Amino acid sequence: MMATDPEHVRNLELEAVIGFNGGVSSGLRVHPDRESLIYPLGCTVIVKNIKSGQQMFMHGHTNNVSCVTVSRTGHYIASGQVNFMGFNADIIIWDYAKKEIYARLQLHKAKVEALVFSPNDKYLVSLGGQDDGSIIVWNVESREAICGSPASAHSTGHCYTIAYSNQSDSIFISAGCGNMRVWELDLSNRKIRPTDCQTGQLKRTVNCIAISEDDSFFFCGTTSGDILKVNPKTKLLNSCGPIKQKFSKGVSSIKVLKTGDILVGSGGGMFTLCSGVNFKTIKKVELEGGVTSIALRGEGHQFFVGTDAAQIYRFSYTDFEPDLISTNHNSAVQDVAFPFGSSELFATCSKGDIRVWYTDTSKELLRITVPNMTCNALDFMQDGRSIFSAWNDGKIRIFTPETGRLILIIHNAHSMGVTAIAGTRDCRRIISGGGEGQIRVWEILQRSYRLVETMKEHKASVNAIKIKSNDKECVTASSDGACIIWDLVRFVRNQMVLANTLFRGVCYHPEEFQIITCGTDRKIGYWEVYDGSAIIELEGSLSGAINGMHVSHDGNHFVTGGDEKLLKVWNYMKGTVSNIGTGHSGSITAIKICCNNKHIISTSADGAVLRWKFPHPPS
């Protein structure tokens with residue numbers, strides 16, 4: 001049964017999003033009104049007020065956003081997406097004032113590589129990805145294509161970027177692997193005509209283009225770490241540099257300032273202010289992650305820089321000091337946890353790190369880094385003195401929550417990675433589950449540990465562990481289709497629940513006479529703890545697995561989320577959905593209600609962490 005009457009299902013209020021896709025080239029933009037940042041996250045385009053931090057979300061893409069641009073007047077935003085091979089990749093033009101879709105343009109296949117508006121907002125030029133390879137000019141007013149052409153000749157490589165002239169509505173430039181072209185739009189004949197630029201013996205792959213304000217030169221940043229300066233009128237190379245100190249890992253982003261100097265971001269994370277004449281470095285600073293976006297605010301007195309480590313920095317032209325204004329996960333978030341009895345902070349984990357955040361402000365408080373390893377699960381000890389975490393290298397690591405210092409490491413805890421973990425109320429024991437299906441009980445001593453017992457029944461990875469409040473019983477959910485209730489005094493199986501599914505999550509009801517489960521069969525099961533019998537089964541989602549669930553502390557409600565990308569709030573006794581939250585653009589991986597019943601935190605596979613208002617505040 002799916003007991004949801006659409007009449008009574010309300011929308012869940014989304015309060016904040018922690019997330020930024022730093023992998024999108026030039027994805028971070030500043031709106032011409034100087035008040036907002038525009039950037040992509042998964043399938044969503046976010047508009048964030050720079051002063052207040054308030055966010056608006058523009059939903060419309062069916063897959064990840066691959067490029068974003070803003071028109072010069074600021075009336076329009078355009079964004080393109082990726083799609084599966086053989087399918088159309090949409091371009092959406094958004095009306096900025098109304099924050100709604102103005103036009104949806106479909107011609108490119110598989111991916112939209114880049115977008116750019118003409119100086120007076122009349123035209124939009126789009127470049128398809130390498131499986132598409134065409135440039136199309138669109139009329140913004142009529143929302144139709146004017147003309148198109150292959151982006152590069154067959155003898156050269158793919159085209160990667162486009163830029164529009166600052167003065168003329170009929171001239172734009174494209175560049176890529178071994179090609180650089182100045183295009184002229186002939187409106188009366190509905191044609192675009194390219195002229196190749198001559199670079200002599202130089203063979204370069206261009207990542208990015210910036211055009212000087214008076215159109216006298218354009219600068220191309222290359223994968224070789226140098227910059228080409230080309231005259232668009234003569235189509236000849238003017239100069240190339242720097243000769244000696246090239247930019248590490250290539251020039252990935254470039255902008256021309258009013259002064260004629262250029263801002264250069266490299267793939268190695270170096271952000272540099274260079275002379276536009278001889279490319280000599282004037283000022284430079286190293287950032288975390290390769291620079292993928294540089295966005296000027298106003299006249300260029302202030303600029304924002306986005307990196308592929310999902311960080312956003314703010315600089316002022318005068319002091320050139322980086323001010324880190326936003327940090328985010330740059331890969332899938334695996335788990336989320338609140339400290340016991342507190343709602344002010346929460347922790348999340350992903351590949352390479354654990355991060356602790358302030359709930360209300362979404363600011364990062366602490367980052368614990370373990371390079372190249374993925375943290376699968378984490379939780380806080382009941383006394384709040386430690387964070388214990390499960391890692392894919394088979395180790396359990398325990399850290400202090402204030403400083404992130406490593407207190408203890410349990411080597412070889414499981415042979416196929418540690419996949420689930422839980423701590424007892426007395427803070428003396430940790431129970432872990434592994435990829436091979438074993439459940440292990442560890443006694444945590446002063447700076448050492450002891451393996452108490454190993455319980456072998458599961459045949460596949462253990463995905464969730466929950467411990468009863470008296471520490472004498474626990475329930476484990478596994479991909480082998482079994483949920484086992486264990487006696488933690490005698491270390492034997494009490495009950496076993498079997499279903500034709502890969503169980504992803506399990507929760508005790510606060511009164512601990514029932515458990516609820518979720519998994520890949522999209523069902524939510526209620527079970528008796530006493531004898532393991534099934535009570536009821538609910539249809540939990542229309543498509544995809546349910547990956548995470550959590551019961552509120554009063555036991556009246558629970559929340560679920562999964563591959564459907566929807567967050568659902570359920571009434572526990574009635575088994576009905578009361579609220580649905582839309583906002584995730586990746587599969588939901590984990591979900592928690594904070595203990596004061598004010599917020600829900602959900603995490604997803606695209607690296608986003610979302611904070612929702614819990615619709616049933618404590619009475």
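Begin by selecting Leu567 in this predicted model. Beyond its neighbours within four places in sequence, Leu567 is in contact with Leu12, Thr560, Asn579, Ile580, Gly581, Ile588, Ile591, Ile600, Ser602 and Trp612.

Next, widen the selection to the surrounding core. Leu567 and Ile600 have the most contacts inside the largest nonpolar core, which has 25 residues. At least two residues of this core come from each of strand 2 (14–18), strand 4 (36–41), strand 51 (566–571), strand 53 (588–593) and strand 55 (609–613). Another core, of 17 residues, lies apart from it; Val125, Ile146, Ile162 and Ile192 are among its members.

Return now to Ser602, one of the contacts of Leu567. Ser602 belongs to strand 54 (residues 599–604). Is this residue buried or exposed? Ser602 has 0% relative accessibility and therefore counts as buried. Display its side chain: one polar contact, of 2.6 Å, reaches the side chain of His584, and another, of 2.8 Å, reaches the side chain of Trp612. Setting aside residues up to four places away in sequence, Ser602 touches Leu567, His584, Ile588, Ala590, Ile591, Ala608, Val609, Leu610 and Trp612.

Finally, select strands 19 to 22. These four strands form an open sheet in the order 19-20-21-22, with antiparallel pairing. Strand 19 (206–211) and strand 22 (236–241) each have a single partner strand, so one side of each is left without a neighbour in the sheet. On average, neighbouring strands of this sheet are turned by 25° against each other, direction ignored. Five bridges pair strand 19 with strand 20 (residues 218–222) in the antiparallel sense; to view one bridge, select Ile211 and its partner in strand 20, Phe218.

Notes
Residues numbered from 1 in each chain as written. Predicted model: local features only at pLDDT ≥ 70, side-chain atom pairs only at ≥ 80, totals over all residues. Heavy atoms only, no water. Pairing = 2+ DSSP bridges. Axes fitted to C-alpha atoms, helices over the stretch in contact; angles between N-to-C directions. Core = buried A, V, L, I, M, F, W, Y, C linked by side-chain atoms within 4.5 Å. Buried < 20%, exposed > 50% of the residue type's maximum accessible area, 1.4 Å probe, protein only. Contact = heavy atoms within 4.5 Å. Polar contact = N/O pair within 3.5 Å; in protein donor to acceptor, adjacent residues only side chain to side chain.
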